[in-house]
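Please keep the structure open in a viewer and follow the selections in the order given. Each stop names what to select and then describes what is found there.

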2 protein chains.
Amino acid sequence: MESVTPDSRKASARPDFSAVVPAGGSGTRLWPLSLPDRPKFLHDLRGTGASLLQDTVARLAPVASRMMVVTGVAHAAAVHEQLPALGDDDIVAEPSPRDSMAAIALAAAILEHRHGAHVFGSFAADQVVLRPDELMRAIRIAIEAAEAGAVVTIGIEPLYPATGFGWILRGEPLGDVEGAFRAEAFVEKPDLETAQAYLDEGRHYWNAGMFVMRTDVLLGHLARLQPSLHDGVRTLAAAWDGPDREASLQKVWPTLTKIAIDHAIAEPVAAEGGVAVVASNCDWIDVGDFAVLASIVEPDADGVIRLNRSAPTLALDASGTMVIGGDRPVVIIGVDDVTVVDTPGALLVLGRASAQRVKDAASSLEGA
Amino acid sequence: MESVTPDSRKASARPDFSAVVPAGGSGTRLWPLSLPDRPKFLHDLRGTGASLLQDTVARLAPVASRMMVVTGVAHAAAVHEQLPALGDDDIVAEPSPRDSMAAIALAAAILEHRHGAHVFGSFAADQVVLRPDELMRAIRIAIEAAEAGAVVTIGIEPLYPATGFGWILRGEPLGDVEGAFRAEAFVEKPDLETAQAYLDEGRHYWNAGMFVMRTDVLLGHLARLQPSLHDGVRTLAAAWDGPDREASLQKVWPTLTKIAIDHAIAEPVAAEGGVAVVASNCDWIDVGDFAVLASIVEPDADGVIRLNRSAPTLALDASGTMVIGGDRPVVIIGVDDVTVVDTPGALLVLGRASAQRVKDAASSLEGA
């Protein structure tokens, strides 16, 4: 990438930190914008001209000495197109989705095979971070704690009692790394009452799925906890840069255990005392649905939020209007808090309060 | 037209009644469905497969021995296409709009020039009548009263205190024609209080703009009340079926007084005692806006009104949904009483209660 020149690396990046960006997920609550063949991370959801994937890669440039994107084979070409500075070796194409642990462990194994054991981090391609410098500060602390052997996660300081995320319980300070704490437990999405209690106690963070650790530490835990998955990714990594990659993929990939990194590593290793957490208030946003999207895009002077539109948009007797996409004039009259998504394949008219139901519509239409 | 065969005429139609159908008006409150180059009367607004114009002509067939459509030159081809049974002589193309009196008087003058003085009626092309047989009953009475020399209007029995129509005040029975009454006055669109009083009194009808009269009676009144307009249409009619039509149109048409038949004839002749009214409860509907349209199209089993759609339409947590046009899937979630109009040129999302504001949107966009 242009932003990660050798010179800029020397100035600000640690010498050996690999940033891994899993680019997957369908984003069905953003239908019909996000589609299986054009998922969320490929879209410019902030109207800045950059996709979430491009934003993610650019944000990590100051700390990363190298970048690796792991994506589905169907999206590899689009990823290449959006990130022309990445080489073929920097994009790992999965033949089929096998959940986050396989994706991250394969990246770690390939990176270790190429460069020896070193610290890497995993950061999903479809998240928004409004204060990237603050996140980089937290990642530098996480790298320090990871060098000492911990699996480190970035805990997002919570702003409200979110029921849509998992949470992380903070323990005692690590002592040897300023700003890092023991992560006592990962907890699943709570109900509202529990989430409110977490918020009140002040000892919980949102789990943004960001992990920083040494390749050998991760693969060591994996060898104990998910040995067949470990062996599989080691086999793939050994063949990856030679003539047997495809044969190895065909043989090994379908056998890999489908499991999330939270269940495979974060939860059991936290229970053993091996996970650390570094807090960050980096304004991290999981753009899970159109209501969240409406909250992060600035409205124009007339109060209307326009995203990726080229034609006139007019709202009469209507507040809280958001219109996404489309090259035809769109007029909204006498309906408040409505989101209109105008794509070539489908049209969505959504009341803001019903944003969570969009995935039901997507699946209903598929069944129709 | 196929429905007006010589045989069917003999069976049910009076021998000499011409039906004139003025097909004009832009219908801006039905934007973006109704457009200047494709106005309301050319659209199938009931989802029956027939346009309002085709409906109007078919409805009049049982009483009409001939049909004449008067329309703008820009729409003559579309009218021909929708009414293939009409001959060139049956469609009068106006070079420019000069209001209803010029259109109707020109038709009357041409008809009289061709066939001698006889009774004709004028019926707008963009209205809906759900009980056409009942209207035909009223028209037959109107023809009888017209033969005796009256200008006769069909008064629609009012269902609510409408402020969007003019009203007609009924006087004494004509005596010689059962079911016909003196029309004492035509009143402009009233305010709600006045409309309620009209409804309570039971002596007022809605003015649907339907008039039945002898060609010579109309042209006689016109000669007294609008002499230059009378002379103009007589000149045009004399030239119409010869080689000088175009020259005559170029010379005379731009000079014709722009005035509505209500002001030119109905109001002054009513004041003189020369207008009769025949009441009808034919379920006449002026499809003025999308709220009215929603009231006349049957919803499907899921409660959604679909009009001229070929793709799936899904409403979740949404009642009173109407979707018009479009060949893409449309999904409405969490918004009640919303109308979506999906056309190639523009997209409208409308709260039912704001139907009257649509014309503001159309004009705003034109100005943009």
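**Helix α10 of chain A and its surroundings**

Begin by selecting α10(A) in this predicted model: its buried residues pack against α4 (99-115), β6 (151-156), β8 (180-187), β9 (204-214), α7 and β10 (275-280) of chain A. Next, display the side chains of A:Ile261, A:Ala264, A:Ile265, A:Ala266, A:Val269 and A:Ala270, which are the buried residues of the helix. A view down the axis of α10(A) shows these buried residues within an arc of 160 degrees, so they line one face of the helix. Just beyond the helix, select A:Gly273, which follows α10(A) and has a positive phi, near 90 degrees.

**Two helix crossings**

Keep α10(A) displayed and add α4(A). The axes of these two helices cross at roughly 75 degrees and come within 7 Å. α4(A) is therefore roughly perpendicular to α10(A), the range for that description being 65 to 115 degrees. To view the contact, select A:Ser100, A:Met101 and A:Ile104 on α4(A), together with A:Ile261, A:Ala264 and A:Ile265 on α10(A). Coloured by class, the residues of this contact comprise five nonpolar, one polar and no charged.

Now replace α4(A) with helix α7 of chain A, residues 215-225. The axis of α7(A) comes within 10 Å of that of α10(A), residues 261-271, and the two cross at roughly 90 degrees. This crossing makes α7(A) roughly perpendicular to α10(A). On the α7(A) side, A:Leu218, A:His221, A:Leu222 and A:Leu225 take part, and they meet A:Ala264, A:Ile265, A:Pro268 and A:Val269 of α10(A). The contact of α7(A) with α10(A) has seven nonpolar residues, one polar residue and no charged residues.

**Helix α7 in both chains**

Which residues of α7(A) are buried? Select A:Thr215, A:Val217, A:Leu218, A:His221 and A:Leu222 to see them. Their cover includes α4, β4 (119-122), β6, β9, α8 (227-240) and α10 of chain A.

Then turn to helix α7 of chain B, residues 215-225, where the buried residues are B:Thr215, B:Val217, B:Leu218, B:His221 and B:Leu222. Among the elements that cover them are α4 (99-115), β4 (119-122), β6 (151-156), β9 (204-214), α8 (227-240) and α10 (261-272) of chain B.

**A stop at B:Lys251**

Remain in chain B and select helix α9, residues 245-252, in which B:Lys251 lies. Is B:Lys251 buried or partly exposed? This residue counts as partly exposed because it has 14 C-beta neighbours inside 10 Å, whereas a buried residue needs 20 or more. A distance label between the C-alpha atoms of B:Lys251 and B:Leu236 should read 9.5 Å; the two residues are 15 residues apart along the chain.

**Where the chains meet**

Display both chains and select the contact, which takes 31 residues from chain A and 31 residues from chain B. On the side of chain B that touches chain A, β13 (313-316), β15 (330-333), β16 (338-342), β17 (347-351) and α12 (358-367) each supply at least two residues. That side of chain B has 21 nonpolar, five polar and five charged residues. For the complex, the predictor gives an ipTM of 0.84 and a pTM of 0.85.

**Colouring by confidence**

Finally, colour chain A by pLDDT. The chain averages 93, and 95% of the residues score at least 70. Residues 1-13 of chain A stay under 50, and the model has 20 contacts for them beyond four places in sequence. Where pLDDT is low, the predicted coordinates should not be read in detail.

Technical notes
Residues are numbered from 1 along each chain as its sequence is written. Chains are lettered from A and ligands numbered from 1 in the order in which they are written. This is a predicted model: local features need pLDDT of at least 70, side-chain atom pairs count only at pLDDT 80 or more; totals for chains, interfaces and linings use all residues. Axes are lines fitted to C-alpha atoms, for helices over the stretch in contact, and angles run from 0 to 180 degrees between N-to-C directions. Helices (H or I, at least four residues) and strands (E, at least two) are DSSP runs, numbered from the N terminus. Angles under 35 degrees count as roughly parallel, over 145 as roughly antiparallel, 65 to 115 as roughly perpendicular and the rest as oblique. Two residues are in contact if their C-beta atoms, placed from the backbone, lie within 7 Å. Ala, Val, Leu, Ile, Met, Phe, Trp, Tyr, Cys and Pro count as nonpolar, Asp, Glu, Lys and Arg as charged, and the others, Gly among them, as polar. pLDDT is the predictor's confidence in each residue, from 0 to 100. A residue is buried if 20 or more other C-beta atoms lie within 10 Å of its own, exposed if 12 or fewer, and partly exposed in between; C-beta atoms are placed from the backbone. The arc is that of the directions from the helix axis to the C-beta atoms.
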